[in-house]
Amino acid sequence: MTCSILVGGAWGDEGKGKCITYLCDNDKPDIIARGGVGPNAGHSVEFNGEKYGLRLVPSGFVQTEAKLMIGAGVLVDPEVFYHELEYLSKYKVAERVSIDPRCSIITPEHKERDVKSEYLAKKIGSTGSGCGPANSDRVLRVAKYAKDVPELEDYLLDVSLATNEALDNGEDVFIEGSQGFALSLYYGTYPFVTSKDTTASSFAADVGIGPTRIDEVINVFKSYITRVGEGPFPTEISQEEAEAKGIEEYGVVTGRRRRVGSFDFDLAKESCRINGATQIALTCVDRLYPDCARTQDIQDLSADTREFISQVEQETGVPVTIISTGPDLKDTIDLRDELL
């Protein structure tokens, strides 16, 4: 059995959806569990020529034999949840997904408070999904739980018990983290952060798995850095320079244009240290080095690309094991066997 956690290395938008899809389709874990804040984070998934944008259901849904679970630490918006069940009906997600009864519920009132807050909406750049107000109600011990919502009754399951029993039985568990390390309420660019911690340790706690049961922590970095919303960004470049490099991106949830910067090695080192990273997945290499697009063999990467990857490894002290060179699953260089 193995238990792996995938975590975003920076401000989100690192390409976690592609990595999750590849790893789950390739490794076929028995359980794929979602940690993180809630529906304020979007994951983009491309599979079999189709593209999906998800906010609650685990991105590993493409592994059709896996059970899908949403851990107790994740905020659930029933409206978003039911939309995604319908949206992913061809993958029979409704038959495979479970919600921990201790998940807090996002209500319309939470979303209204989020949007109407001058501080959250204007200064911090909240997504308006209600997560901040919902988490504040949880801290104040007045939040409604999933077990209090009759419509969710058929989907309730003790996720901590189920995932730990699976590990006891020799099964594999994969934990998806959302957002990114630099948005952590504790370790991020406060106050321009999300409403809870977003490190591997918290993702394990969200699902209810103890730290001694974690085997691998995969830290995902994009080959350049992007950020949506306000807050410090030490390596930011101008939009004109980003356009000249052919890099223009928009947030999955907000639709807002992402700010762009060069790779931040200092941030990467801190992210790997605090997350306890054992592996790095490096995405969008083809966007930074277009001549490497869709390359599937590390020997075919350009000298500049290989030098950049080596620098990432040297600066962080963590091996780069997954290299994404395009949107398709096949556009991936997998070096994990070299660690054995």
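**Entry 1: the cores**

A nonpolar core is a set of buried Ala, Val, Leu, Ile, Met, Phe, Trp, Tyr and Cys residues joined through side-chain atoms within 4.5 Å. I start with that term, and with a reminder to myself that this is a predicted model.

I looked up the largest nonpolar core and found that it has 40 residues. Those with the most contacts inside it are L6, F61, V76, F81, V93 and I99. Next I asked which elements give two or more residues to this core. They are the helices α1 (16-27) and α2 (78-87), together with the strands β3 (43-47), β4 (50-54), β5 (67-70), β6 (97-99) and β8 (216-222). With five residues, α1 gives the most.

I also noted another core that lies apart from this one. It has 28 residues, and F263, L267, V312 and L335 are among them.

**Entry 2: around F61**

I picked F61 for a closer look. What is F61 in contact with, once its neighbours within four places in sequence are left aside? My list reads V45, Y52, L54, L68, L88, Y91, V93 and R96. F61 also turns up in a cluster linked by ring pairs, along with F47, Y52, Y87 and Y91.

**Entry 3: the loop between β7 and α7**

This loop filled a whole page of my notebook. It runs between β7 (173-176) and α7 (200-207), and L185 is found in it. L185, Y186, Y187 and Y190 make a nonpolar surface patch of about 490 Å².

I checked how much of two patch members is accessible. L185 has a relative accessible area of 31%, so it counts as partly exposed. Y187 is partly exposed too, because its relative accessible area is 41%.

Then I turned to the rings. A search of the whole structure gives 16 aromatic pairs. One of them joins F181 and Y187, and it is stacked, with 6.5 Å centre to centre and 15 degrees between the planes. Is F181 buried or exposed? F181 is buried, because its relative accessible area is 0%.

T199 has its place in this loop as well. At a relative accessible area of 2%, T199 is under the 20% cut-off and therefore buried. Leaving aside neighbours within four places in sequence, I found T199 in contact with F181, S184, Y187, I274 and N275.

Two backbone details went into the margin. A cis peptide bond joins Y190 and P191, with omega about 5 degrees, and P191 lies in the loop between β7 and α7. Q179, in that loop too, has a positive phi near 55 degrees although it is a residue other than glycine. Its relative accessible area is 7%, so Q179 is buried.

**Entry 4: other positive phi values**

I went on to look for positive phi elsewhere. N48 is not a glycine, yet its phi is positive, at about 50 degrees. N48 lies in the loop between β3 and β4, and a relative accessible area of 65% makes it exposed.

R141, just after α5, takes a positive phi of about 65 degrees. While there, I wrote down the buried residues of helix α5 (residues 131-139): C131, P133, A134, N135 and D137.

**Entry 5: salt bridges**

Side chains of opposite charge can pair when their charged atoms come close. I found 21 salt bridges in the structure.

K111 forms one with D77, and the closest N and O atoms are 2.9 Å apart. This pair links distant parts of the chain, with K111 in helix α3 (residues 108-116) and D77 in the loop between β5 and α2, 34 residues apart. D77 counts as buried because its relative accessibility is 4%.

K269 and E315 meet in a salt bridge at 3.6 Å, N to O. Here helix α9 holds K269 and helix α11 (residues 303-316) holds E315, 46 residues apart. K269 is partly exposed at 33%, and E315 is partly exposed at 32%. Finally, salt bridges that share partners join D27, D334 and R336 into one network.

I added a note on D266, which is found in helix α9 (residues 265-275). The C-alpha atoms of D266 and E315 are separated by 8.3 Å, although the two are 49 residues apart along the chain. D266 counts as exposed, because its relative accessibility is 56%.

Terms used: Residues are numbered from 1 along each chain as its sequence is written. This is a predicted model: local features need pLDDT of at least 70, side-chain atom pairs count only at pLDDT 80 or more; totals for chains, interfaces and linings use all residues. Side-chain values use heavy atoms; hydrogens and water are left out. Buried means under 20% relative accessible area, exposed over 50%, partly exposed in between (1.4 Å probe, protein chains only). Helices (H or I, at least four residues) and strands (E, at least two) are DSSP runs, numbered from the N terminus. Contact means heavy atoms within 4.5 Å. Patches are made of residues with over 30% relative accessible area and no salt bridge: like charges are joined within 9 Å, nonpolar side chains (Val, Leu, Ile, Met, Phe, Trp, Tyr) within 5 Å. Accessible areas come from the Shrake-Rupley method with a 1.4 Å probe; for residues, only the protein chains shown count as cover. A salt bridge is a side-chain nitrogen of Lys or Arg within 4 Å of a carboxyl oxygen of Asp or Glu. Rings of Phe, Tyr and Trp (its six-membered ring) pair if their centres lie within 6.5 Å; planes under 30 degrees apart count as stacked, over 60 as edge-to-face and the rest as tilted.
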